[in-house]
Amino acid sequence: MADPQDGEMVKAADLHAHYGESHILHGVSLSVSRGELITLIGRNGSGRTTILRSLLGLVGRRTGSVRIRGVETIDLPPHRIARLGVGYCPEERGIFSRLSVEENLMLPPVVREGGMSVERLYEIFPNLFEHRKAMGTRLSGGEQQMLAMARILRTGAQLLLLDELTEGLAPVIVQALKRLIRQLKQLGFTVILVEQNFHFAAELADRHYVVDRGRIAEMIPKEALAESKDKIDAYLGV
Amino acid sequence: MNFFTRMVLAQMMLGLNNGAFYAILSLGLAVIFGQLNIINFAHGAFYMLGAFVALLGYTSLSVLPGLAGFHMNYWEALLIAPLVVGLLGMLIERTMIRHLYKLGNLYGLLLTFGIALIIQGLFTNYFNVSGTSYNAMPDILRGTVNLGFMRFPTYRLWSIIISLGVCLGTWLIVERTKLGSYLRAGTENADLVQAFGVNVPLMISLTYGFGVGLAAFAGVVAAPIYSVSPIMGEEMIITVFAVVVIGGMGSIMGAIITGLCLGMLEGLTKVIYPPAANTVIFFMMIVVLLVKPTGLFGKDQYGE
């Protein structure tokens, strides 16, 4: 599979998504380059999580176009899309209560070469090593978030879809996550981040997509962040 | 050992034998429910089909061209019947059940109930409802063994051992292997497992095939004990559903333990108060539903 020359990782065009009768996304277009970190910001219910889930095909029905590494995925099932090198960390973290910490970590199949080894992940997340025999949901919220990150770093996925990493976590954990994301960016990962905590997002992202009522309302590069402050506040309703 | 103790032990052994069938059937139901979230009403029909594959393989395959004089023996039947029935199950899952996952589990229940009625109706049309005996029991399993307190039919002892072995093997696969971790995770959040790159639709087909294959296996093991009849599954499955309600749908080990214990409870009741033997399981079901509606080993939807 030849990767496109222009280094484009994701390109969505006129993406519509439906859950049953409800039409959630109304023609979303966005593109993310290799190694870029972008955020989707917007109010609760604006459709940010649905955009992430649509990129993976995890919605009832979707139309339009989503190209990942140049491969059109609109008609592919989620497991085939994941195999293109996509790692997903869902909002509710998705730690399995009937699996031990180690089983949770080992669950996602390796989708590409070059993932981190288990030893390396245990080095980065010593708490996970300490509790590796415990059941997954026995971990604290912060540890569960670390586990949800660690397990997609093992698979060799180069495109990470991260949903509300910092929600409900203590400031010290949020700081640790910030350091982790910064490291991942240096390592060349491409990241799409849905984030409620705008300060968290602002310090990390190259560009911001403002999502409003199922559409992309605005694209703001980090250089323009300061001058767009009022506009963003209006969209976020703060 | 006095007469009463001997009688209790004898009935407990027979009860354990029935319980082993309950265990293997309710185990299959639990595995299927875990992945497909449907209650497989066709389970009894697949149990019956398993017995018929063994019976017809022994008596009737030799009329086919190229198979003259071929009689599928018991050991072959133990392997072939679950395979044949499992493949049929996968076909049914792919062509019919699959379309109902988005509709809520009542539809799956109705569909599989319909499938059970069709399969059973077809067989009732061609075969004797009062049963045909299966005569391919291997010589090594004939006769009795001395258990100290009684002489017990060798075949029944074998059927207890092999059924428990299969139950334990299934439990080990689900709880201790990588494949099993996909199954357990799929029970909790199949979407997420698929988003990680696991071919969940295929896993669901294989699970259904495996579950009904287990039922067919139980059918083959049961064939030499009970006569093979189109309604054998219907009779069995009513009790098995009561076992499942008592045990709760949540756990594999729960299905196994509940099946065995209720089989023995039935045996015990035969000694103490014989008229209640056929109803004691249903009485238990009522008590459990009143006291712990999710079943003895069941979990509520929040996994507590």
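A cavity is a set of grid points where a 1.4 Å probe fits but cannot get out, and its lining residues have an atom within 4 Å of a point. With that in hand, here are some exercises on this predicted model.

**Exercise 1. Find the residues that line the largest cavity, and say which element gives the most to the lining.**

Step 1. The whole structure holds 2 cavities of 30 Å³ or more, and the volume of the largest is about 40 Å³.

Step 2. From chain A, its lining takes Val86(A), Gly87(A), Tyr88(A), Pro108(A), Pro109(A), Val111(A), Ile152(A) and Thr155(A), while Ala195(B) and Phe196(B) come from chain B.

Step 3. Strand 6 of chain A gives the most, with 3 residues.

Step 4. Sorted by class, the lining has 8 nonpolar residues, 2 polar ones and no charged ones.

**Exercise 2. Do the same for the second largest cavity: which residues line it?**

Step 1. This cavity contains about 40 Å³ of space.

Step 2. Around it you will find Ser26(B), Ala30(B), Val243(B), Val244(B), Gly247(B), Gly248(B), Met249(B) and Ala255(B).

Step 3. Helix 1 and helix 8 (232–247) of chain B each supply at least two lining residues; the largest share, 3 residues, is from helix 8 of chain B.

Step 4. The classes come to 5 nonpolar, 3 polar and no charged residues.

**Exercise 3. Trace the sheet of chain A that contains strand 6, and find its edges.**

Step 1. This open sheet is formed by 6 strands in the order 6-7-8-3-9-10, with mixed pairing.

Step 2. Strand 6 (86–89) and strand 10 (215–221) of chain A each have a single partner strand, so they stand at the edges, with one side left without a neighbour in the sheet.

Step 3. On average, and ignoring direction, neighbouring strands here are turned by 15 degrees against each other.

Step 4. Inside the order, strand 3 (residues 37–41) and strand 8 (residues 190–194) of chain A pair in the parallel sense over 4 bridges. Look for Thr39(A), whose bridge partner in strand 8 of chain A is Leu193(A).

**Exercise 4. Describe the 4-stranded sheet of chain A and the helix that packs on it.**

Step 1. The strand order of this open sheet is 2-1-4-5, and the pairing is antiparallel.

Step 2. Strand 2 (22–33) and strand 5 (71–72) of chain A are the edge strands, each pairing on one side only.

Step 3. Strand 1 (residues 8–19) of chain A is joined to strand 2 of chain A by 9 bridges.

Step 4. Helix 1 (residues 48–55) of chain A packs on the sheet and touches strand 1, strand 2 and strand 4 (61–68) of chain A; its direction makes about 110 degrees with that of strand 1 of chain A.

**Exercise 5. Work out how helix 1 and helix 7 of chain B run against each other.**

Step 1. Two packed helices are described by the angle between their axes and the distance between the axes.

Step 2. For helix 1 (residues 3–36) and helix 7 of chain B, the angle is about 170 degrees and the axes are 9 Å apart.

Step 3. Angles over 145 degrees count as roughly antiparallel. Helix 1 and helix 7 of chain B are therefore roughly antiparallel to each other.

Step 4. The contact includes Phe21(B) and Ile24(B) of helix 1 of chain B, and Met203(B) and Ile204(B) of helix 7 of chain B. By class, it has 17 nonpolar, 4 polar and no charged residues.

Terms used: Residues numbered from 1 in each chain as written. Chains lettered and ligands numbered in written order. Predicted model: local features only at pLDDT ≥ 70, side-chain atom pairs only at ≥ 80, totals over all residues. Heavy atoms only, no water. Pairing = 2+ DSSP bridges. Contact = heavy atoms within 4.5 Å. Axes fitted to C-alpha atoms, helices over the stretch in contact; angles between N-to-C directions. Parallel < 35°, antiparallel > 145°, perpendicular 65-115°, else oblique. Nonpolar A, V, L, I, M, F, W, Y, C, P; charged D, E, K, R; others polar. 1 Å grid on protein atoms, 1.4 Å probe; cavity = no way out; pocket = protein on both sides within 12 Å on 5 of 7 lines; lining within 4 Å. Points joined across faces, edges and corners; volume = space filled by probe spheres on them.
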